[in-house]
Amino acid sequence: MPVLASLQRWLFRLRRDEQLPIVLGQRRIFIVPTRAGLLFALVLVVMLVGAINYNLSLGHALIFLLAGLGIVAMVHTFHNLFGLRLTPGRVAAVFAGDPAYFPLQLENPRRQARRALEFSFAGQTASCVHLPAQGRAAVAVSCATQRRGRLDPGRVTLATRYPLGLFRAWSYPHPHWSCVVYPQPIRTPLPASSPTAHADRLHGDNGQEDFAGLRPRQISDSTRHIAWKAVARRTDEQPHLVKQFAGGASEELWLAWSLTPAGCGAEERLSILTGWVLAADEQQARYGLALPGVRIAAGQGDAHRASCLQALALYGEKPENDRPQ
Amino acid sequence: MARNLKTIGRSSAAAWSSAALEHGAVPWLLAVALATAGPHFAHLPWWLSLLVGGTLLWRAWLWQRRRPLPPRWALALLVVGSIAAIAWQFRTLLGKDAGVALLVVFMALKPMEMSSRRDALVVVMLGYFLLLTHYLYSQSIPTGAWLLAAIGLLTGALIRLHGGPQPVAAVLRHAGLLLAQALPFMLILYLLFPRVSGPLWGLPQDAYSGLSGLSDEMSPGSISGLIVSGAIAFRSRFAGEAPEKADLYWRGPVFDEYDGQTWRARALPASATGQPPVVEGIGEPLAYSSILEAHNQRWLLALDVATLLPPESTLAPTLQALAREPLRVRARFSFASAIAYRANVNEAPAILQQALALPDEINPRTRALAREWAARPPEKIAEAALAMFRNEDFYYTLQPPLLGANAMDEFLFSTRRGFCEHYASAFVFLMRAAGVPARVVAGYQGGEVNPVDGYLVVRQSDAHAWAEIWLSGQGWVRFDPTAAVAPSRIEQGIVAALPQGEPLPILVRLDSDWLRQLRNRWEAANNSWNQWVLGYNPQRQREVLSRLGWRDPDWRSMSASLAVLCGIALLVVTLWTLPRRLAVDPVQRAWLKYCAELKRRGIARADWEGPLAFAQRVARERPDLAALTDEAAGYYAELRYARGDGRDHKLRCLQQCVRRLPPRRRKRS
C-alpha cells in the first residue's frame, strides 16, 4: 500500500536524522490517549451523569478538576519528550544471535526530570530510562540479531506515558547507525599452521612462549598482555607495561575459505572461519584470512581480530556508504 | 507498514499493562483504597467496615512479608459472600447505600488480586469514582478539603505507578503541581459548563433519607425533638431592615385536624376551598430571599404571610407558600411578605367548618371551661385563654410529663408544663370548643443575624408552633399562647426562655463570645460555600453570567466560550511548563557578543574555532583588530579554562572589549 506508506511517512516524518544531536521538537512528537486514558474518560462521563442525577455540585467540581487533570497530564506527557536531545553512540559489533546494543546519549536541558522514557526498536524489548533535571544519561537500545552482516535496526520508538499514564507520547528518532553482526561462530579444530616464509623471524622477538621482559603498551597490544603486577606496583605510570614474549613457533596460520569442509553452505563456512579466528586469537597465533576476493595478511591482536571478523561479517555485502533512503 | 505500526502499538500497550506490579507501588494503592473507602465507614454497617479494614490490613501484611496473594477461588467466594450479605443487609442491591457498599467491597477486594499494572489502574479509577460517592452523604467544606487531598494521593499513585521509584515527597509535589495546573480548567468548567438540573431518572427510595425538618403532622414531642438540633433550617436576607425578632413568624405546615393525640394537615379538595386565598397586606411589603436546606417537604417557610412568591410555587389555601415538588436540595427563593395583613376575610365554609371540628367525648373539663366562655365575643375568648396561661402557674419546658388519653385536661388542669406545641394545641382546642374557628400553625420563630455576612440564620432549634383564629371581618389572626407563658421565647429566643439544665444543642447555647464569633465565621463561610459551590444550579449560573454582563446565555454560546477559555488555559499551562531557555553563562554571552560584532566587521568565527586560534587568524587577516581580539580571546580563555581570582574583573574587561571595538565603516556606494 504505497499511498498509506507515504501518508505515514508524511504524518510521522519518517526519515533519517541528519543533524546531531537529535532534538525532539513538537512536529515530531505524537500523542494519543491510552486505554487507561479512555477508561478515565468513561469514568468521568459516568460520574458526570451521577453528579447531574443527584444534583451534586461538589461532584461537578470534582469531575471538572479531574478533567483538567487529564488535560494537564497530556501537556506533561508531551513535555516529557519535548526538547530532549539524543546523540547516538558507537555501536559495538556482536555475534549473530546475541542482542546488539545501540547506545544513545540523552541530554535533558530543562529544569525538571524526565522519567520513564522507553526506547525500543520495532517489535523488540524496550529499555526504560529516567533522566535527572539538566542531566545526562545513556541508554542502550537492544535489537535481537539473527544473521550476520550490517544490521540496520531502523528507527527507534521513544515512548512515554509519564506522569499519569492517560496519554502515550512517542517519537521516531532515526539516527544513522548500524551494527556489524559477526557470523555465529562454529567451533571446529584449527587447520594446521604453515611455517612463515620469513625464516629469519623464526626465533624473533615477537613470539608467544618465553617471557622476554616488559615494554610500554601500544594501542594495538592486547589487554591480555598487560603486566598487571607491574601496573599495580606503579599505578601512576602511563602507559601500562606489557609483557613481551620471545621464541616459540612464530608460525603463520592461514584461515582460508578453501580449508573449510567441502559441501558446506557459504554461511556455514563463514561460521566455521569465525570459530577459527576466535580460536586462533585465543591461542595468540599469528593468523591471516583468505576469503574469495578478500585477503587479510597475517597478524595478531584485537584490531586484527576485529578486521578479520568484520570481513567475515560483511562478506558479500554492499559497502556501508550506500544508504538507501 | 500500517499493520506493522499498529501491531507494534498494540503489543507495547499490552506489554505495558500486563507487566508485573512493582513491589514498591503497592503501598500507594493500599493508601488509595483506604483514603477512598475509609470515610464511608461512618455510615456503612459495622461488619462491612470490619471486612474492608481487615482485608486491607491482610493485604498490607502479605505485601510486607512478600507472601503470594490468596487463590482466585477464595476471592470469588469472598466476593459472592459479601454481595449476598449486602443484599441481605439492605434488602436490595440497587439504591444509594447498597451501591456504595458494593463499590467499597470491590475497592477492598481488588488489591487482593492486584498483580499487574492493569489491576493497579483499575484500583485508581475505582478510587476516583468512589470519591464522587462521598458527596452523596456530605458536601461540606471539610469533605471538599479531604477529597482534594485524596485526589492528590490518587494522582500521586498514578505518578508512582508510571514513573518508577521516587521519593514520596517528590511524587506528592508533582501531584500537587498537576492539580494546581488543573485548577483553572476546573474553574472555567464550573462556571461555564451548561448545567442540567437533575434528576435524569427516578432516584432510588433511599436517596433523600436523613433530611430533617418539620414534619407534616404534630404529636407531642415532634417539635421538642427538633429543637435539640442546632442544624440550620434556612437563611434569609432582607432587602431592607430586618423586622423585630418578635415579628418573625416563618409559616410552615398548618394543622387543622385533631384526633385527640396528633394534629394533621387535612388535604381538602380544591372544590371545597373555593377561591384562591386573598391576602391584603398592611404597610410596605418586606422583600427578602431565603436559602432553604433540603427538608423533603413542599413548604417554603415564607415569613407570615407571603404576598409575592417565587416562580414555580403557589400560596396554599392555608396561606403557606408551597413549592411544586418537595424540596430535596438546598435552594434559594425570593419573597415579599407583609407582617401585618388581613387574610381570607371571606373564608370558604368548608375550611371554617374544618377549623371547628373536634374529636368527641375527650377532654370534658376543657370543654366545660370553653362553654363558660362561649357567650363572649371571639377576641375576648382568646384573651381569656391567654390570660389563663399568663396568670396561672404554667411552665415552659422541653421535658414535659407524658400526657394520657385526655391530654388537654391533664395539661390544663394538672401538669401545666409544656412546650409550644402543648400551648398551641390546648389553645386551639379551647377555641374550637368555644365555637371559634382555630388551627395550629407550625414553622419557625425568630432567628439570629450572623454579623459576619448579614444573613439571618434560622435553626431547627427555632422551630415553633402557634395558633390562629378566624375573626369575621379580620380573617385569620395569629395568637401565640407561648408568648403568654414565656414572652422571652418570642423576644429573645429559645435559650433565654428555657431554664439552665434543659437539653439544648451546645452550639445554640453559646455563652463565650469568641466561640460565638467563631461559629458565626464558620457559618458565614458555609453560607458562601452553599451559595457559590453547592447552590450553583442552572438558575444561579444564569444569574452569575448575567451579572458578569452576559445577557441570555444559551448552551451553545456557553459551550463556545468554554472551548475558547479552555484553549487559552491550555496555552498558558503549556507555555508555563515549556522548558525555559537556560540562562546563558555571562562569560559565554560576552564572548559570543564580541564574535558577533567581529562578524559585522567582516570576519566571522567558525563554529569549530577556539578563541586563541580565532585570534591568530584575525591577526593574519585583519591586523587592525588583532590586538583587541587577542586581548578578548585571552580573557575568554582564562575565564573558561583557568582557575584563579579576579574573575569578575576579567569578565568586565571582556565585556568592555566589545565596547572598545572601532565603529563600523560604512560601505561607500
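Which residue of S16(A) is the bridge partner of Leu253(A)? To find out, select Leu253(A) in this predicted model; its bridge partner in S16(A) is Tyr287(A).

**The sheet around Leu253(A)**

Extend the selection to strand S16 (residues 286–291) of chain A, which pairs with S15(A) in the parallel sense over 5 bridges. Adding S17(A) completes an open sheet of 3 strands with mixed pairing, in the order S15-S16-S17. Strand S15 (252–256) and strand S17 (294–299) of chain A are the edge strands; each has a single partner strand, so one side of each lacks a neighbour in the sheet. On average, and with direction ignored, neighbouring strands of this sheet are turned by 15° against each other.

Next, display helix H5 (residues 266–282) of chain A, which lies across S15 and S16 of chain A and runs at about 165° to S15(A). H6(A) also packs on this sheet, where H6(A) touches S16 and S17 of chain A and makes an angle of about 160° with the direction of S17(A).

**Following H6(A) to another sheet**

Keep helix H6 (residues 302–313) of chain A selected: this helix also lies across S9 and S12 of chain A, at about 85° to S12(A). These strands belong to an open sheet of 3 strands, ordered S4-S12-S9 in chain A, again with mixed pairing. Here strand S4 (94–95) and strand S9 (149–151) of chain A occupy the edges, and because each has a single partner strand, one side of each is left without a neighbour in the sheet. Select strand S12 (residues 179–182) of chain A together with S4(A) to see a parallel pairing over 2 bridges. Within this pairing, Val94(A) has Val181(A) of S12(A) as its bridge partner.

**The annotated spans of chain A**

Now select residues 36–56 and 62–82 of chain A, which an unreviewed UniProt entry annotates as "transmembrane region". Residues 36–56 are 86% helix and 0% strand, with end C-alpha atoms 26 Å apart. For residues 62–82 the model gives 95% helix and 0% strand, and the end C-alpha atoms lie 30 Å apart.

**Across to chain B**

Finally, colour the two chains separately: 55 residues of chain B are in contact with 54 residues of chain A. Among the elements giving two or more residues to the chain B side are helix H1 (2–18), helix H7 (141–163) and helix H8 (168–192) of chain B. H8(B) gives the most, with 10 residues. Coloured by class, this side of chain B shows 40 nonpolar, 14 polar and 1 charged residues. Viewed as a whole, chain B has 25 helices and 19 strands, and 35% of its 669 residues count as buried.

How values were computed:
Residues are numbered from 1 along each chain as its sequence is written. Chains are lettered from A and ligands numbered from 1 in the order in which they are written. This is a predicted model: local features need pLDDT of at least 70, side-chain atom pairs count only at pLDDT 80 or more; totals for chains, interfaces and linings use all residues. Two strands pair if DSSP finds at least two bridges between them. Helices (H or I, at least four residues) and strands (E, at least two) are DSSP runs, numbered from the N terminus. Two residues are in contact if their C-beta atoms, placed from the backbone, lie within 7 Å. Axes are lines fitted to C-alpha atoms, for helices over the stretch in contact, and angles run from 0 to 180 degrees between N-to-C directions. Ala, Val, Leu, Ile, Met, Phe, Trp, Tyr, Cys and Pro count as nonpolar, Asp, Glu, Lys and Arg as charged, and the others, Gly among them, as polar. A residue is buried if 20 or more other C-beta atoms lie within 10 Å of its own, exposed if 12 or fewer, and partly exposed in between; C-beta atoms are placed from the backbone. UniProt positions are given in the numbering used here, feature names are shortened, and annotations may be inferred rather than shown by experiment.
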